[in-house]
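Please work through the exercises below with the sequence and the model open side by side. Each one sets a task and then solves it step by step.

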Amino acid sequence: MGLRVAYLTKFLLVVLGLVFYCEFLIYYIVLLQCWWPQLDPSKADNTVSLRQDEQSVRVLLLADTHLLGSRKGHWFDKLRREWQMYRTFQTAMVIHKPDVIFVLGDLFDEGLWCSEKEFAYYVNRFSDLFRVPEGSQMFVVVGNHDIGFHYGISPYLHERFSSAFDAQSVQLVSVKGNHFVLVNSMAMEGDGCFLCRPAELQLQKISRRLKCTKGVGRCDRGMDLTQYSRPILLQHFPMYRESDAECSEPDQAPEDEKTQKFRERWECLSKESSEQLLDLLKPRLIVTGHTHHGCHITHRDDIHEWTLPSFSWRNKDNPSFMLAVFTPNNYAVSKCPMPRESTVIGLYMFGGVLIFFWITLTYRRLCRRSRWFKIS
């Protein structure tokens, strides 16, 4: 009897060890392999002067969490994806300790169909899964799965999401002299809708504030931003591009998807809206989401755009997020790969096979020893 109890105890410990590694430890092992990028002094913008007390800001960016609702996905699928995102995000908070976190849209998979009660539940669920430590700030950009595409957005859906996350159609966030402009991509249609016209006016106002801070034009009271720097544009839709054909990131789209043409206002912004944003803001960096795949392209005079893949393993086997360091006259970015789901599944399969052979061998020995004790 004692031998069987010891055998069962060892079996349970081995199984728990495998689960512990695949569901907890692997996140630390993988995320410890990426760290904050280093600023390259040779890439600093010498036209932007720094204040003596100006320090760098560390920013973590992710996109497309797609928390499942009641209509799509199995309950286990929902539980699994939420655990994976929770474990990754909280591990990143412990290891990297960012100053600011930006989530670039599609927080929910069914936000536009949710009832008031279900929406409130998922707002609380998101807050629990993506809880930020004291000293860090989180800002959210709205996505099409949160309130719908342009044609389907109602004032009610827009106001519900905006109130829950303090996410206006256009928002200026200034941190340590760095200016982040958060834009609702669905408000960039240019048709004068209830969202579009106010968004255009707000973009023009931000443009004037940036210019007056730089010393161009007249500054009315309260317009001065104290420190000028070219802004960082954050939105859900990518800027206009024909397809992902030029993308060459490790987390890029599969080859059969890369050449598929993008539809303006569906997979990316329209060409006109993209040009308008570039003209008004003259950003130094653009970060987007929406496609669920990684991409890096360049616009105009060395304006880099990074499209982030989905943060959910439901949409991507090899998801990742971005770590970025900003000063008013410089920046550096790096992608941080997350554990591959195929790797985790492979570990479970390999570990299961080893456990099976271990059980087979040790159980035979246990049976022989039991018979020997009976004979003795």
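## Exercise 1: Salt bridges across loops

Glu 242 and Lys 261 form a salt bridge whose closest N and O atoms are 3.5 Å apart. The task is to work out, in this predicted model, which parts of the chain the pair of Glu 242 and Lys 261 ties together, and whether Glu 242 is buried, partly exposed or exposed.

Solution. Begin with the location of each partner: Glu 242 sits in the loop between β6 and α7, while Lys 261 sits in the loop between α7 and α8, so the salt bridge joins parts that are 19 residues apart in sequence. Next, consider accessibility, for which the bounds are under 20% for buried and over 50% for exposed. Glu 242 has a relative accessibility of 48% and therefore counts as partly exposed, whereas Lys 261, at 59%, counts as exposed.

Now repeat the reasoning for the salt bridge between Glu 189 and Arg 265, where the N to O distance is 3.2 Å. Glu 189 lies in the loop between β5 (178-183) and α6, and Arg 265 in the loop between α7 (255-258) and α8 (271-281), so this pair ties together parts that are 76 residues apart in sequence. Because its relative accessible area is 17%, Glu 189 is buried, whereas Arg 265 is partly exposed at 33%.

## Exercise 2: A salt bridge that starts from a helix

Find the partner of Glu 118 in a salt bridge, and decide whether Glu 118 is buried or exposed.

Solution. The partner is Arg 71, and the closest N and O atoms of the two side chains are 3.9 Å apart. Glu 118 belongs to helix α3 (residues 116-129) and Arg 71 to the loop between β1 (57-62) and α2 (75-96), which places the partners 47 residues apart and links distant parts of the chain. Glu 118 has a relative accessibility of 15%, and therefore it counts as buried. To set these pairs in context, the structure holds 20 salt bridges, and a network of salt bridges links Asp 77, Arg 81, Arg 314 and Glu 341.

## Exercise 3: How the two domains meet

Describe the contact between domain 1 and domain 2, starting from the domain assignment of the chain.

Solution. The assignment gives domain 1 as 1-33 + 345-369 and domain 2 as 34-338. The C-alpha centres of the two domains lie 42 Å apart, and their contact takes 8 residues from domain 1 and 17 residues from domain 2. The size of an interface is often given as the accessible area lost when the parts come together. Here domain 1 and domain 2 bury about 1000 Å² between them, with 62% of this on carbon and sulfur atoms, and the count of salt bridges between the domains is 1.

For comparison with the record, an unreviewed UniProt entry lists residues 12-31 and 345-363 as "transmembrane region". In the model, residues 12-31 are 100% helix and 0% strand, with end C-alpha atoms 28 Å apart.

## Exercise 4: The largest nonpolar core

Which residues touch the most other members of the largest nonpolar core, and where does this core lie with respect to the domains?

Solution. The core has 68 residues, of which Phe 108, Phe 161, Phe 165, Leu 277 and Phe 321 touch the most other members. Helix α1 (residues 2-31) gives the most to this core, with 6 residues. Both domain 1 (1-33 + 345-369) and domain 2 (34-338) give residues to the core, so it lies between them. Taking Phe 321 as an example and leaving aside its neighbours within four places in sequence, its contacts include Leu 31, Leu 60, Ala 92, Phe 311 and Met 338.

## Exercise 5: Two buried residues

Determine where Ile 101 and Gln 227 are found, and what each of them touches.

Solution. Ile 101 lies in strand β2 (residues 100-104) and, at 0% relative accessibility, counts as buried. Not counting residues up to four places away in sequence, Ile 101 touches several residues, among them Leu 60, Phe 89, Val 132 and Phe 139. Gln 227 is found in the loop between α6 (196-214) and β6 (232-235), and with a relative accessible area of 4% it is buried. Leaving aside its neighbours within four places in sequence, Gln 227 is in contact with residues including Val 48, Arg 51, His 179 and Pro 328.

Notes
Residues are numbered from 1 along each chain as its sequence is written. This is a predicted model: local features need pLDDT of at least 70, side-chain atom pairs count only at pLDDT 80 or more; totals for chains, interfaces and linings use all residues. Side-chain values use heavy atoms; hydrogens and water are left out. Helices (H or I, at least four residues) and strands (E, at least two) are DSSP runs, numbered from the N terminus. Buried means under 20% relative accessible area, exposed over 50%, partly exposed in between (1.4 Å probe, protein chains only). Contact means heavy atoms within 4.5 Å. A nonpolar core is a set of buried Ala, Val, Leu, Ile, Met, Phe, Trp, Tyr and Cys residues joined through side-chain atoms within 4.5 Å. Domain bounds come from an automatic or database domain assignment. UniProt positions are given in the numbering used here, feature names are shortened, and annotations may be inferred rather than shown by experiment. Buried area is the accessible area (1.4 Å probe) that two parts lose on being put together, summed over both. A salt bridge is a side-chain nitrogen of Lys or Arg within 4 Å of a carboxyl oxygen of Asp or Glu.
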